[in-house]
Amino acid sequence: MKIALLGYGKMGKVIEKIALERGHEIVLRKSAEDTFEGLEQADVAIDFSIPDAAVSNISTCLDNNIPIISGTTGWLDSYDKMVALCQEKNGAFIYGSNFSLGVNIFFQLNDYLAKMMSNIREYKVSMEEIHHTQKLDAPSGTAITLAKGIIENSDYSSWALENAKEDEILIDAKRIENVPGTHSVFYNSAVDTIEIKHIAHSREGFALGAVVAAEWILGKKGVYTMKDVLNLT
Ligand SMILES: NC(=O)C1=CN([C@@H]2O[C@H](COP(=O)(O)OP(=O)(O)OC[C@H]3O[C@@H](n4cnc5c(N)ncnc54)[C@H](OP(=O)(O)O)[C@@H]3O)[C@@H](O)[C@H]2O)C=CC1
Ligand SMILES: O=C(O)C1=N[C@H](C(=O)O)C[C@H](O)C1
């Protein structure tokens, strides 16, 4: 499979390593100042760039009939627009706030726990996410997906980074050198705390998931998620 890498930073480089190990070829490594030259040769593109570049990268792929996997976070206000473009162009598109197998299992666990806790009034939910200091967006895309999972399964209506109201989920976004990504969901009562936590030990899990998603989408049309790729119910 010929892959275009849109974003060749920390993630782009780990994705390249895993893609080569799995027998794929890289036909474009695009950073900020590079053009899309080489995209036309690609069977699929993988975008791990920056919030301000994601929409342009995804649109360019859809306009050129290249299936696109995007892991870039911090651009979700335009997600519906990209879904509509994919449908209009009869393209193929996956966005994932987190491509690791472990986090996608954690998403399911979070939904289940939120459902279970929804009628138990003694507990108040909150979250913590910790990432490296170069991260541009806060809260993380993964934290937003976790918050959505809780909102869909409870009476909480939104999330806040500070001064959370009664019906808001407080997300504490911490930035600490070299942390690949740690997410915790807490249910606190006066007498105890229930915590579920995912700790990424490196970027390899995210990168492998993105390459697996790229392999999976070949030959398909439509908008999918990692739940489809991993066949999680
Ligand atoms: N979904 C997931 O599983 C994961 C998502 N992420 C997300 O992926 C994104 C990238 O993370 P990371 O690799 O750590 O970040 P880096 O800052 O290390 O890399 C970002 C790269 O994007 C490049 N870039 C900037 N503008 C453009 C553009 N217009 N077109 C193409 N590339 C561009 C930068 O180029 P230059 O160096 O020239 O500025 C740089 O190479 C972030 O949004 C992060 O949140 C990260 C890990 C997992
Ligand atoms: O920027 C990162 O590094 C990460 N970003 C993603 C996010 O925003 O959730 C996924 C992962 O946690 C690492």
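What follows is a short chat about the two ligands in this predicted model.

Me: Hi! Anything I should know before we start?
Reply: This is a predicted model, where local features need pLDDT of at least 70 and side-chain atom pairs count only at pLDDT 80 or more, while totals for chains, interfaces and linings use all residues. Residues are numbered from 1 along each chain as its sequence is written, chains are lettered from A and ligands numbered from 1 in the order in which they are written, and side-chain values use heavy atoms, with hydrogens and water left out.

Me: Cool. Which residues come nearest to ligand 2?
Reply: Of the 13 residues around ligand 2, those are His 131, His 132, Lys 135, Gly 141 and Thr 142. A residue counts as near if one of its heavy atoms lies within 4 Å of the molecule.

Me: And what kinds of residues make up that shell?
Reply: Two are nonpolar, nine polar and two charged. Here Ala, Val, Leu, Ile, Met, Phe, Trp, Tyr, Cys and Pro count as nonpolar, Asp, Glu, Lys and Arg as charged, and the others, Gly among them, as polar.

Me: Which atom of Gly 141 is 2.8 Å from an oxygen atom of ligand 2?
Reply: A polar backbone atom of Gly 141. For His 131, a polar side-chain atom lies 2.6 Å from an oxygen atom of ligand 2, and for Thr 73 a polar side-chain atom lies 3.4 Å from one.

Me: How much of ligand 2 does the protein cover?
Reply: The protein covers 86% of the 320 Å² of accessible area that ligand 2 has on its own, by the Shrake-Rupley method with a 1.4 Å probe.

Me: Switching to ligand 1: how many residues surround it?
Reply: There are 22, and the closest are Lys 10, Met 11, Thr 73, Phe 99 and Lys 135. A nitrogen atom of ligand 1 is 3.3 Å from a polar backbone atom of Lys 30, and an oxygen atom of ligand 1 is 3.2 Å from a polar backbone atom of Ala 32.

Me: What about cover there?
Reply: For ligand 1, the protein covers 77% of the 940 Å² of accessible area that the ligand has on its own.

Me: Last one: what does UniProt list for "binding site"?
Reply: The unreviewed UniProt entry lists Glu 33, Gly 71, Thr 72, Thr 73, Gly 96, Ser 97, Asn 98 and Phe 99. They span 67 residues in sequence and the farthest two C-alpha atoms are 26.2 Å apart, so they do not all gather at one spot.

How values were computed: A polar contact is a pair of N or O atoms within 3.5 Å; within protein, one must be able to donate a hydrogen and the other to accept it, and residues adjacent in sequence count only if both atoms are side-chain atoms. UniProt positions are given in the numbering used here, feature names are shortened, and annotations may be inferred rather than shown by experiment.
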